[in-house]
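Work through the exercises below with the structure in view. Each task is followed by a solution in steps.

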Amino acid sequence: MVAAVGTAGRRPGAPALAAVALLVVIAFAVARDAEWWPVSSMRLFSSPRTALVVSWDVVAEAPGGERRIHFAELGRAYRGAHALLPTMRRDDQHERDARCQEWARAAVRAGYPPSSTLRVERVTKRLSPRASDATLVEREVVFRCRGAA
Amino acid sequence: MPGRGVSDATARDLVLARRVLAAYMLLRIAVGPYSALAGQPEELFAPVWFLAPLGHMPTAGVFLVIQVAGAAAAARAVARPSSPLPFAGAWVALLVLAGLRGSLGKILHNDVLLLVAAVPMVVGWSARDARQALAGSRLLVGGLYFAAGYQKLRHTGLDWVFSDNFRWILYQAARSGRAVTDRVALFVADRAWLATASAAALLGAELVAPLLLAVRRLRLPFLAVTIAFHGGTWLTLGLDYWGWIVMVAAVTVPWSRIEERLGAWAPSGVIPGGVSAVGGRTGP
């Protein structure tokens, strides 16, 4: 393969070696579904999509009621929350509390009422092609963590 | 003189491909909303592997320094694309900035193709390396597109095309409101035959990408396919993959021939190894 990239009659140079080495790493990443960004397993839209969609809700529990946190309102630095939530169930409670407190503080700064506890839920909904509302299939409380009251 | 077997045109193609990539990197580095990441608390920092030693998101001032230095390097690389350091500097700056964007928790692919496939052009900047640099970048472009297609088959199989999978991708995208309009996504999703045909075309293009890039005559048609593909992705899903189009263009367009036809819009005599003129008609 190196020879194919290299010029005929000339020893493969740094560009050919770099290309082939990267291709090998990419092949490993693909085989193991590993992400060594910018080397990627390239799982772009590779999982099947159906009418069922799973999302994560973080609900701020406060004496006056409860309110779902919209992370888009907290600023760009908080937009990765939904990518962090699925793996947080494996974290210990101390790590969860540390993250939850930061979200709760940012929520208060964004105008949400102070909350002593955040409730993290895994929500499964069934979509209809054109309807704006989705049907709730399941709402599972995955864990609770400390807020910023 | 360029290395044995490397024509002046190929060497010039590399210079101009690097200029195109540098111009895109300049734009990406200069206008990206990176400093807005600066407020991220340390507890939420989910770094990509090579940024883990940082421990937290840099301050706004550090972002500004990286952006200014990266933009300056990219601007220099646009002006003198055959100089190795400015191009490498711009690439490193984009790598760090895009890596920090990807340290919010979600893996981002917007810059992946450019950052990976440009590596042979970062390490192979001289006229002597031109053919290997362009061929190496093409190999990586083809490999990454193929990998994306392979993963669809591996995780979903032919159902990726022949089930309602693609329609639901579009319906979910229409609900998200990320695209400038939901009309295009809904137009395709509402017509099962059109959704299936689009999915088949998309998957087919990814899987045959290495072949299309290997055959010189098929490279420009592949560029046209990627423009349609990523333009469609922007219109239906609202996702920005412009960098992928730029990277494909860099390794498929016979830049030296275009330059020859348009006249000398680029300074000549800047290629290490003494190439000062556009030679034969050997496109990339």
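Buried area is the accessible area, taken with a 1.4 Å probe, that two parts lose on being put together, summed over both. The model used here is predicted.

**Exercise 1.** State how much area chain A and chain B bury between them, and how many residues of each chain are in contact.

Solution. Start with the area: chain A and chain B bury about 5,200 Å² between them. Of this, 66% lies on carbon and sulfur atoms. Then take the residues: 58 of chain A are in contact with 63 of chain B.

**Exercise 2.** Find the salt bridge between chain A and chain B, then describe the side of chain A that touches chain B.

Solution. The count of salt bridges between the two chains is one. It joins the side chains of A:Asp33 and B:Arg154, at 3.1 Å from N to O. Polar contacts across the interface of chain A and chain B come to 20 residue pairs, with both residues at pLDDT 80 or more. On the side of chain A, the elements giving two or more residues are α2 (14-32), α3 (81-88) and α4 (93-109). The largest share, 11 residues, comes from α2(A). By class, this side has 34 nonpolar, 12 polar and 12 charged residues.

**Exercise 3.** Classify the packing of helix α1 (residues 8-31) against helix α13 (residues 255-262), both of chain B.

Solution. The two helices pack at an angle of about 90°, and their axes are 7 Å apart. Angles of 65 to 115 degrees count as roughly perpendicular, so α1(B) is roughly perpendicular to α13(B). Residues making the contact include B:Leu16 of α1(B) and B:Trp255 of α13(B). By class, the contact has five nonpolar, one polar and three charged residues.

Technical notes
Residues are numbered from 1 along each chain as its sequence is written. Chains are lettered from A and ligands numbered from 1 in the order in which they are written. This is a predicted model: local features need pLDDT of at least 70, side-chain atom pairs count only at pLDDT 80 or more; totals for chains, interfaces and linings use all residues. Side-chain values use heavy atoms; hydrogens and water are left out. Axes are lines fitted to C-alpha atoms, for helices over the stretch in contact, and angles run from 0 to 180 degrees between N-to-C directions. Helices (H or I, at least four residues) and strands (E, at least two) are DSSP runs, numbered from the N terminus. Angles under 35 degrees count as roughly parallel, over 145 as roughly antiparallel, 65 to 115 as roughly perpendicular and the rest as oblique. Contact means heavy atoms within 4.5 Å. Ala, Val, Leu, Ile, Met, Phe, Trp, Tyr, Cys and Pro count as nonpolar, Asp, Glu, Lys and Arg as charged, and the others, Gly among them, as polar. A salt bridge is a side-chain nitrogen of Lys or Arg within 4 Å of a carboxyl oxygen of Asp or Glu. A polar contact is a pair of N or O atoms within 3.5 Å; within protein, one must be able to donate a hydrogen and the other to accept it, and residues adjacent in sequence count only if both atoms are side-chain atoms.
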